[in-house]
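The following exercises ask the reader to locate elements and residues in a structure and to reason from the values computed for them. Each task is followed by a worked solution in steps.

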Amino acid sequence: MYNNFLRYCFFLFTVLCFSVEGKAQIGGMGNRAQQSTDRAREYEIGGITVSGVKYLDEDLLLTVTGLSVGDKVRLPNDEKISRAIRNLWRQELFSDVSITVSKYIGDKVFLDIKVEERPRLSRYNFKGIKKGEAQELKDKVNLVKSKVVTEATKKDAVVRIQKYFSDKGYGDVAVNVMERVDTGGTNTVILTFDINKGTKTKINQINIAGNSKATDLKLKHTFRSTKEMARLSLHRADKMSLYQDNSRSFGKYIKDFGFLSLTKTLNAVDPYFRYNFFSSSKFDQYKFDDDKVSLIDHYNSLGYRDASIVRDTVYKLPNGNINIDIEVKEGRKYYFGDIEWKGNTKYTNEQLARVLGIKKGDVYNQELLDKRLGKVLSPEGGEDISSLYMDDGYLFFNIDAVETSIIGDTINYEMRVTEGPQATIRNVTIAGNDRTNEHVIRRELRTLPGNKFSRSDLIRSNREIANLGFFDQEKIGIQPRPNAEDGTVDIDYTVVEKSSDQLQLSAGFGGGVRFYGNVGVTFTNFSLRNIFKPKFWDPLPVGDGQRFSVNFQSNGAYYNSLNFSFTEPWLGGRKPNALTTSMAYTRISPSAGTAGADSSTASTSYLRLIGGGVSLSKRVKWPDDNFVFTYGLNYQNYQLKDYTLIEGFNNGNSNNLYFKLVLARYSIDQPLYPRSGSNISFTFQFTPPYSSFSNRNYDTETTAEKYKLIEYHKYRFTAEWYQKVSGNLVFKLATKYGFLGYYEPELGFSPFERFQVGGDGLNQNNFFIGRDIIAHRGYSGPYASAATIFNKYTAELRYPFSLSPTATIYGLGFVEVANAWDNFKEYNPFKLNRSAGLGLRVFLPMFGLLGLDYGVGFDRFDRAAGRTKLTDIANFTFMLGFEPD
């Protein structure tokens, strides 16, 4: 029986070996190949068909395979077939790929490429989250309709969802992706992301060990994003120490208010309890990793070059929050040793050493070294080695600080300088200016074709473009493209247009000013030459950077004011000489600020002003090219009708013809939210000394005759400085001075051009003309209405909530002191009215600046007068369209 079984097996094997089939499969998912014969044979591809395609183009698929009719293939295992299959898999568009032989005709083979396409996305939705969160996620998950759905696609979406909620403080987000077929489409699916956010993960405590050269507080301060929850409770050890050292009074104070007993009780319930006043202490692993680098950088700045984090542990607490334990290894403290220079020919070793500013024996500081070498670029520029070279055209300059030896605690350096050739600017291109004509931007640039490259010129050009006010200052792009082969550089500028025109519409009722309305429009990118070209209207002709404004204010018959101005910033188009013309009409009744006043008094008693002026501004190059000198001629005519300005002057006309000279220096980096720079101006305004040209007897003249021709000399000084404290936190310091003088002692001070200090200029009778209104927050009204001298000092701390071009919003805290005097005999610069408070600024492109301040006037406190409550000495101040003086 065993022999019969062997004969049967041998017979089956013989049949299988010599059987012939008319069809063979060459490839599939497993890249298999079969043929009717076990001998390889060369064929010519006679035709190729594609099957299974629903969305893709068949010709494109054939191109991807690399196969074409007429190619020679050696079957069954030709590498061309295997490569074609691999090429199709790489597209990640298919769930199955195979290549089969459909038929043979002589030496020709006909192939069929069979694919099964992956499903495409029909739509997607979210479960378990709020509608607003779902809307925000739609912009972040990078999913669009008809996108091919792969495992990588779903994984990427999950990562983006987790990152979104991680940034909001949710550290344990679980995302379940459900996929179902969309029966309403062809090979499409619907994705549902079921999201469980969990609870917010907050940092309860950061524990640092191994540090002896830097305090815990200082090291925690280096963390920009990883912060502990604010808490008022004390650790038990700290509580005990309150009674063991010289802090008994403080400990008694805490005990008296029950903090110790309350903390003890709450700790018994929850040992991780803290008094949480802020809930922004969320944990983000990515930001934590960055903060660890900041901690090591801080150690490096102290000289601890080998400092490292031995280990860090993040662990959960029973209440869902986390603790972070960090162990550091500080290492030894290092110092700078000998510093040698190699490769420098432009500047001597002594010159470079002076700019570097690091001497042998100085504490090692990697951050300082990088800054002095110019490895860390500053948006304001700076005095460093790289700036020294790059401001003189050496774009290809490079410097490497190489540690040549470490002897004990001393590190010796060799500064290897590669100067390279000086680069010349070849082409300068500008893109993104859809509304603004290119010449308006180009004339502000300091980087001109043919000039030597200068990094400081790039920084200055960026500032000048931002100060135009036509573009999003956060999105100005500057990209130098060096051409090493010919020693030139091309510079590409990119801008994003924003709306800079302003429409002012406001109305109010009450507050002592009856009805008040304001209608105004300011076009900051006006184009006078395109006024007859409709295609440039948007809604008025735009593009040439000219400024046109018209404004009307009124509270009925009692107060009306119309102002017009036009500025051409580049008169003639060749130099930045600005021509400004203005006209004004104002009419005010003494009843303008009196509720319930009789309207008949508006026509029988008033003060009317008609005036205008012209000025020319030009940039000067000394002391530096940030200075602008302005000179102008102005005329104003005042008419009084039964209007008491000063005693004895109720009726008549006064003429104010004056010259105005202004020397100003402007170096602010950005106009809407300055972070650095200053704005300083000195103004000298004067009339002709008419009294010196005649022998008038003022004793015989009426008051109206005395002031028919107004004469005076007036001085104003204003200075504002901005300094970035940290990030976008900015400190502003400002000071203002004013003085009004006279030529003739018998004539005295002019009744006009005096200073009104206090309030915001919009309350009660403050619709006054012929006065410089100096606002003082915290004081509801003016405490000096006709002063000839004033001083004002302001300090502000600002922080932005939004720097978007559609809405720039920032908050501020301020301290302000000011006062005014009638003459020098009364002048006392140390007697100042004080105030402090908080404020908010909102800049909307169409409406300009909107402001609200709440200030407390400390010197309004008066027990005798009954002003002892906060409501008695504090008030709100509003502003619209501009920041008051």
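Two residues are in contact when heavy atoms of theirs lie within 4.5 Å. The model is predicted.

**Exercise 1. Surroundings of a loop residue**

Task: Determine where threonine 226 lies, whether threonine 226 counts as buried or exposed, and which residues threonine 226 is in contact with beyond its neighbours within four places in sequence.

Solution.

Step 1. Place the residue. Threonine 226 belongs to the loop that runs between helix H6 (216-221) and helix H7 (236-244).

Step 2. Apply the cut-off. Buried means under 20% relative accessible area. Threonine 226 has a relative accessibility of 3% and therefore counts as buried.

Step 3. List the contacts. Leaving aside neighbours within four places in sequence, threonine 226 is in contact with Ile203, Ile206, Lys287, Phe288, Asp291 and Ile324.

Step 4. Look for a polar partner. The side chains of threonine 226 and aspartate 291 are joined by a polar contact of 2.7 Å.

**Exercise 2. A second loop residue**

Task: Carry out the analysis for asparagine 321, which is in a loop between two strands.

Solution.

Step 1. The loop in question connects strand S9 (308-316) and strand S10 (322-329).

Step 2. With 11% relative accessibility, asparagine 321 counts as buried.

Step 3. Not counting residues up to four places away in sequence, asparagine 321 touches Lys200, Lys202, Asn204, Met229, Tyr315 and Lys316.

Step 4. For lysine 202 there is also a polar approach: its backbone nitrogen lies 3.5 Å from a polar atom of the asparagine 321 side chain.

Step 5. Sequence and space can be compared for lysine 282. Lysine 282 and asparagine 321 are 39 residues apart in sequence, and their C-alpha atoms are 9.2 Å apart in space.

**Exercise 3. Packing of two helices**

Task: Describe how helices H2 and H3 pack, and examine asparagine 87 in helix H3.

Solution.

Step 1. Two packed helices are described by the angle between their axes and the distance between the axes.

Step 2. For helix H2 (residues 58-65) and helix H3 (residues 79-90), the angle is about 120° and the axes are 8 Å apart. H2 is therefore oblique to H3.

Step 3. Identify the residues that meet. H2 contributes Leu61, Val64 and Thr65, which meet Ala84, Asn87 and Leu88 of H3.

Step 4. Turn to asparagine 87. At 16% relative accessibility, asparagine 87 counts as buried. Not counting residues up to four places away in sequence, asparagine 87 touches Val64 and Thr65. The C-alpha atoms of asparagine 87 and valine 64 are separated by 6.4 Å, although the two residues are 23 residues apart along the chain. Asparagine 87 also has a side-chain polar contact of 2.6 Å with arginine 90.

**Exercise 4. A three-stranded sheet and its helix**

Task: Give the strand order of the open sheet that contains S5, S6 and S7, and state which helix packs on the sheet.

Solution.

Step 1. The order is S5-S7-S6, and the pairing is mixed. Strand S5 (120-127) and strand S6 (174-181) are the edge strands, each pairing on one side only. From one strand to the next, the twist averages 20°.

Step 2. Helix H5 (residues 151-167) packs on this sheet and touches S5, S6 and S7. The direction of H5 makes about 145° with that of S6.

Step 3. Examine one pairing. S6 and strand S7 (residues 188-196) are antiparallel, over eight bridges. In this pairing asparagine 176 stands opposite aspartate 194 in S7.

**Exercise 5. An enclosed strand**

Task: Establish how many residues of strand S32 are buried, and identify the pairings of S32 with S31 and S33.

Solution.

Step 1. Of the 15 residues of strand S32 (residues 807-821), 12 are buried, so S32 is largely enclosed by the rest of the structure.

Step 2. Strand S31 (residues 789-804) pairs with S32 in the antiparallel sense over 15 bridges. The two strands are joined by a hairpin through two residues. Alanine 795 stands opposite valine 815 in S32.

Step 3. S32 and strand S33 (residues 833-844) also pair in the antiparallel sense, over 11 bridges. Here leucine 812 stands opposite glycine 839 in S33.

Conventions. Residues numbered from 1 in each chain as written. Predicted model: local features only at pLDDT ≥ 70, side-chain atom pairs only at ≥ 80, totals over all residues. Heavy atoms only, no water. Pairing = 2+ DSSP bridges. Helix = DSSP H or I, 4+ residues; strand = E, 2+ residues; numbered from the N terminus. Axes fitted to C-alpha atoms, helices over the stretch in contact; angles between N-to-C directions. Buried < 20%, exposed > 50% of the residue type's maximum accessible area, 1.4 Å probe, protein only. Polar contact = N/O pair within 3.5 Å; in protein donor to acceptor, adjacent residues only side chain to side chain. Parallel < 35°, antiparallel > 145°, perpendicular 65-115°, else oblique.
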